[in-house]
Amino acid sequence: MMKNKFTDKKKSIDFSLGNLNLSIDLNKNIFLKELNFIKNINNEIFVIRAENKLIPKNKYKIEKVFKNTDVNFTVISIDFSQNFENDFFKGRISFVQKKKNIIDFIFQLSARWHKDIPKKVLLKFPFIINLHKNKNFLKPGDIFDGKKRIKKGVWNLHEYPPSIISDNLGIESLGFEFYDQFPWQANYNLGMSEAISSENFEKFETEVQLTQELTDIILMKIYTSSKGREKIFSLWKENTRKRYDLRKYHDSNNRWIKKNYLQHFMFAYGEEAFDYKKIQFKINQIIKEGKQFGGYDSILFWHQYPRLGLDESNQWQLYKYLPKNYKTIKKIVDICHSHNIKFFIPFKPWDIRSNESLDSHAKSLEKFIKETNIDGFFLDTMSSLPESFLKIQKKFPSFEFCSEGTPREQRQIETLTSSWDQIGDIRRNFKVDINSNFFRFLFPEHPLNLVSRWSVGSDKDALIKRAAFNGMGMVIWQDIFGCWLPFSIEQKKKIKSLKNILKKYHKYFYGDNSIPLIKTLSKKIICNEFSNSQGKQKIYSIYNFGSNKIYGRILKLPLAVMEFKQIYGKKVNIQIEKKQNTFYLLANLDANDVILVNIIFKI
Amino acid sequence: MESFLNKKIFIESNEYTYRVEHLTLEGTCSTDHGPRNVKIKNLLVDKYPVTNQQYYFFLKKTGYQPRDSQRFLEHKPNKKLFNLPVVFVSQNDAIAYAKWVGGRLPTDEEWQYIAAGPKYLDWPWGNKFNPLLCNHDGNKLEPVNTHRKGESWCGCVDMAGNCWEWTAGIHDDGNHQFALLRGGSYFYAHDHWHVGGGARKNNYHWKLQILNEGMNRAATLGFRCVYDEK
C-alpha cells in the first residue's frame, strides 16, 4: 500500500509494500533514505558512468511516479530521464509486491545515443554497496564470528541464496537475492550474483548494453522478516523451489536412492577388491568390511579408468574381458542384492567415440541392465542426466542415476535425483572445511554423498564431521586408482554411528523444513537445523569452530522442550535451561567438535 | 608378405643413470623413478618386437595353452599378419615364449637403456620427435620392420609406437600389482583421461594395473626378448 504521497515540492516518496517500508529522496538524485529498520541511509540507488564520465547527480529529471494497488499486486515505479552531453538516458525504478514478504526491485535503463553509436556504460549501486558495508550484513553463507564475517556456507548451483541484513538483535531482517542468470544474457543481473559473494564487491561495476527501449538491468528480490534470518532463508527456499518441477523426486519407484547413505567405491585393481591368487573379486569380503562402516547401501564398481585407451576397446567392451564376461558382474550384483545392497557401474562420457552416440550408450546400458540386473549408473565427470538415459528410467523405473558433480542448473536438478558432494584439490594444500552445504538444504530430497578422495588423517576426520554437520551420507573410497588411503578403525566407527542416525532420523534429516546456519548464542558456533514441516522434533548439528572449549548457552529454542538427547559425536554435557518461558540449549563443547542433538518439543 | 627372422643385437655391459618421467593422472606409480645408477650386463636383444610368425611357430612347436585364454591372440594371426608384432598376449604368455627361445623379458631399466643408450636420447632415433620414424598415430599395427630408420642407437627397431612392450616383473606395493609397459603404440585415444597413447619417449613407462588375463591382454600390447650372455 502507498502510505504517503508523492509531491513535486517534497520530492520525496515514502511507501510500504507488504512488510517493506521505503523512503526515497528525489531531491538531487534518487536516494534511498530509509529501508525498514535501516534509517538515514541516504545512498544513491545507482550511479551511471558513460565512457568513464560520471553523470552528474543533479541532472536527473523525475518524469513520473506510478502506483497501482490491487488486492494481490502492488506496484510503484519512478520514471526518470537524463540528458548528458549529446546522449539521452531514460530509466525506471520499480517495486513490485505480489507476496507479503517478497518484493521485486526492478531497475531498467535505456539510452538514445548521439549518432546511434553506443557508448560503454558502467553501473554502480551505492545503496547495495553500503548495505554490504553494514556490520550486520551477511553475504550468502557468511556468519559473524565476533570480529569479522567468515564463510561457513557453500553452494554450487545457479541459485544464489540471499544476502541478509538484520537489526542489532538479529530479529528484523532483510534479504537481497539476485537471480542467477545462466546462460548469461546482456544486462540482466550481469555478474551481480557473483559480485555479491566476492571480496571486491565495493569495486563492482556492471557493464550494460543499452538500447532505446527500457531493458531490465537488475531484478532483485527483497525478502522481509521479523523472525530473524532463518525466515529469510525459508522464504527464499520456498520461492525458489516454486520454479522447479520436482515430481521425479517424489516418484515412489526411485525412492531407494534416498537411503543410499554409504556408497562404496570398488576400485577393481587392488587387494581390497581383487584376489590375485583366485583371480576373482572379493565381493563378500568387501560387504563384510563394509559392516565396520555401518554397512554399504550401494557399491560402485570401477574398472574402466585408468585402463581405457590402452587399445580401442570401449567402456562396454572392458566388461567382456572380466573373468567370465558379464557373468562376473551378474554374480557380484546377485550377492549385493542378497545383502540389500544396490549396485552401480560408471559411465565415461569422455570415452564416447566418433562412431558412438548417447543413444547407442543408452542401448548398451539397457542390455547391460537386462543381463546383470544392476541398479544404477554413475555419471563420471558429469552433473547432468542426458536425455538418452532419461528414457531408460521409463523402461526400468527403479533404475537410478548418480553423478560425480552436483547438478547446478534447473533442468539438471529436476532430472538427476542423486549426486556426490565432492570436495578436494590434490594440487593444493586442501583442508576439509566444516560448513553448510546450501544445496542440501534447498533440495533435501536430492541425496548427496560426501567425498574427498585424497583426504587423509585429520582431513578424513574433518570429512566425517562435515558429513555429520550436514546430515549427509558419504562415499567410502579407500583405493584411489591404485593409491591406498584407508579409514582408521576410529573413523569407521564414527561413520557407522553417523549412518545409524541418518537412518533412524531419516525423516528429519531429509525433511522439508531444514535450515542451514541458524542463529547461535556463541560467536564460535555454527548450527544447522533439521526438521520436517510438522516441526515437533528437530535435530541440531552443532559445530565449535573456535580454538577453545565452549560451555554455556548455544541455542535459543523456539518452543518448550519435552525431551532432548545427544545422538552423535563425542559425549558432552548438554542441558536445557528455562528462563522466563524461554528455553535454551546449553552444551559443553570442545574445540573442533561436532555434535548432533535431537529435541522433541511440546506442541 | 615375406617373413623374416628376428635378429639379436649385442648390448655391451654399462652403467647409466636411470630416470623415468611420466604423469599417472591420478593414483601413484610406486616404483623408484630415479635418478639412480643402473648396471646393465652384457645382453642380446631382439631387433624387433616378437612377431605373429614367431609366436605362431612357438605355439606350433610347444602347444602352449595359457591357463586363462580370454582374449589370447584375439586378432587371430594369419599369414598376412605374420610380420606384425604379436599382441593380445599377457605377461605370462610373453614369458612362456621368452623361456622357449632361451631369453626373458627386459627389465624396465634394461628397456630404457636399449632405447636411449649411453647418450640418454629422448627418442630411439634422437632427441627430436619425428612422427615419420614410428607408427605413432595410425589406425593399425604395422610390420615391425616398417620404420627401420627409427632404430635406436644399438639398432633396435619399433621401440617407440606401433605396440607397447611388456617389461619383466610384477610390481607389488602391498595393495596393488602392476607391470610397466614401454614404448607406446599406434593407438592414440582422444581424451586426456585415456591412457596416453601414440609413441612414447624413452624415459616413459605406463603402469598397467594387473587384473585377470582378459584384462591384461590388449590389441596394442606385445613384447621383445633379451638374452643373458652365457
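On a 1 Å grid over the protein atoms alone, a cavity is a set of points where a 1.4 Å probe fits but cannot get out, and lining residues have an atom within 4 Å of a point. A pocket, by contrast, is an open set with protein on both sides within 12 Å along at least five of seven lines. For volumes, grid points are joined across faces, edges and corners, and the space filled by probe spheres set on the points is taken.

This is a predicted model, in which local features need pLDDT of at least 70 and side-chain atom pairs count only at pLDDT 80 or more, while totals for chains, interfaces and linings use all residues. Residues are numbered from 1 along each chain as its sequence is written, chains are lettered from A and ligands numbered from 1 in the order in which they are written, and side-chain values use heavy atoms, with hydrogens and water left out.

**Exercise 1. Find the residues that line the second largest cavity, and say how they divide into nonpolar, polar and charged.**

Step 1. Start with the volume: the second largest cavity has about 60 Å³.

Step 2. Pick out its lining in the structure: A:L22, A:L32, A:L35, A:I45, A:F95, A:F105, A:F127, A:F176, A:M220 and A:I222.

Step 3. Look for strands that give at least two residues each, and you will meet β3 (31–35) and β19 (215–225) of chain A. Strands here are DSSP runs of E with at least two residues, and helices are runs of H or I with at least four, numbered from the N terminus.

Step 4. Sort the residues. Ala, Val, Leu, Ile, Met, Phe, Trp, Tyr, Cys and Pro count as nonpolar, Asp, Glu, Lys and Arg as charged, and the others, Gly among them, as polar. The lining comes out as 10 nonpolar, with no polar and no charged residues.

**Exercise 2. Describe the largest cavity and its lining.**

Step 1. There are 5 cavities of 30 Å³ or more, and the largest holds about 190 Å³ of space.

Step 2. Of its 15 lining residues, A:G141, A:P162, A:I164, A:R229 and A:F438 are the closest to the centre.

Step 3. Helix α3 (residues 228–241) of chain A gives the largest share of this lining, 3 residues.

Step 4. The lining divides into 10 nonpolar, 1 polar and 4 charged residues.

**Exercise 3. Now turn to the largest pocket: which helix gives the most to its lining?**

Step 1. The volume of the largest pocket is about 1,500 Å³.

Step 2. Its lining has 45 residues, and A:G170, A:G228, A:R229, A:E230 and A:K519 lie nearest the centre.

Step 3. The helix to name is α3(A), with 9 residues. Other elements of chain A that supply at least two residues include β16 (163–166) and β32 (537–544).

Step 4. By type, the lining of this pocket has 19 nonpolar, 11 polar and 15 charged residues.

**Exercise 4. Trace the open sheet of 8 strands and find its edge strands.**

Step 1. Two strands pair if DSSP finds at least two bridges between them. The order in chain A is β7-β8-β9-β10-β19-β17-β16-β12, with antiparallel pairing.

Step 2. The edges are β7 and β12 (137–138) of chain A, each pairing on one side only.

Step 3. Follow β7 (residues 61–69) into β8 (residues 74–84) of chain A: they pair over 8 bridges in the antiparallel sense. A hairpin of 4 residues joins β7(A) to β8(A), and A:F66 stands opposite A:S77 in β8(A).

Step 4. Go on to β9(A) and β10(A), an antiparallel pair with 11 bridges. There, A:F88 has A:R112 in β10(A) as its bridge partner.

**Exercise 5. Locate a salt bridge within chain A, then one between chains A and B.**

Step 1. A salt bridge puts a side-chain nitrogen of Lys or Arg within 4 Å of a carboxyl oxygen of Asp or Glu. Over all chains, the structure holds 39 of them.

Step 2. Within chain A, A:D87 and A:K119 form one at 2.5 Å, N to O. This pair links distant parts of the chain, 32 residues apart: A:D87 is in strand β9 (residues 87–99) of chain A, and A:K119 is in the loop between β10 (102–112) and β11 of chain A.

Step 3. Between chain A and chain B the count is 2 salt bridges. In one of them, A:R453 meets B:E26, with the closest N and O atoms 2.4 Å apart.

Step 4. Finish with the contact as a whole, taking heavy atoms within 4.5 Å: 39 residues of chain A and 36 residues of chain B take part.
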